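Dear colleague,

I am handing over the structure we spoke of, and below it you will find notes on what was found. Please read them beside the coordinates.

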Amino acid sequence: MTKIAIIRCEEKSKTCPGTACFKAIREKTAAFEKYDNIEIIGFDTCGGCGLGKTDKIKAKVDTLKQKGAEVIHISSCVKSNCPWYGSFMEETKKHSKVDGNTH
Ligand code: SF4
């Protein structure tokens, strides 16, 4: 059992309920293919655009780790839309195992 958490784009979260992320988890496709069993311990957002600063992502990662996350997934919507995806990945890597995708 691997405890995972997902951080998605705050802006996209206003219109996306996470259906594709949960479908990929359920069907073990894309980024979730590699797991035998998954426990989702959190489904959070980046905290909103902060002009490239990583303090909000760090705070989210800290909380998710305290709640038991073993791997943080930075979602596909961050990867495909966010100009700060690279910075978010680098910051998250300092504090947790990270996967830069969901579906
Ligand atoms: S910082 Fe990136 S991931 Fe967060 S709301 Fe802005 S565009 Fe979306």
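In what follows, a residue counts as near a molecule if its C-beta atom, placed from the backbone, lies within 6 Å of it. This is a predicted model, in which local features need pLDDT of at least 70 and side-chain atom pairs count only at pLDDT 80 or more, while totals for chains, interfaces and linings use all residues. Residues are numbered from 1 along each chain as its sequence is written.

The ligand is surrounded by Cys 9, Glu 10, Glu 11, Cys 46, Gly 48, Cys 49, Val 78, Asn 81, Cys 82 and Trp 84. Helices (DSSP H or I, at least four residues) and strands (E, at least two) are numbered from the N terminus, and α1 (10–13) and α4 (76–81) each supply at least two residues of this shell. By class the shell has 6 nonpolar, 2 polar and 2 charged residues, where Ala, Val, Leu, Ile, Met, Phe, Trp, Tyr, Cys and Pro count as nonpolar, Asp, Glu, Lys and Arg as charged, and the others, Gly among them, as polar.

Turning to the interior, a residue is called buried if 20 or more other C-beta atoms lie within 10 Å of its own, exposed if 12 or fewer, and partly exposed in between. A nonpolar core is a set of buried Ala, Val, Leu, Ile, Met, Phe, Trp, Tyr and Cys residues joined through C-beta atoms within 7 Å. The largest such core has 20 residues, and those with the most contacts inside it are Ala 5, Ile 7, Cys 46, Ile 72, Val 78 and Phe 88. The largest share of this core, 4 residues, comes from β1. With contact taken as C-beta atoms within 7 Å, Ile 7 touches residues that include Cys 46, Ile 57, Lys 60 and Ile 72, leaving aside residues up to four places away in sequence.

Helix α3 (residues 55–66) has Ile 57, Lys 60, Val 61 and Leu 64 buried. Seen down the axis of α3, the directions from the axis to the C-beta atoms of its buried residues fall within an arc of 100 degrees, so they line one face of the helix. These buried residues pack against β1 (2–8), β2, β3 (71–74) and α5 (85–95), whereas Asp 55, Ala 59, Asp 62 and Gln 66, on the other side of α3, are exposed. Just after α3, Gly 68 takes a positive phi of about 115 degrees.

Finally, Ala 30 lies in the loop between α2 (19–27) and β2 (38–45). Ala 30 is partly exposed, with 16 other C-beta atoms within 10 Å.

With best regards

Note on methods
Two residues are in contact if their C-beta atoms, placed from the backbone, lie within 7 Å.
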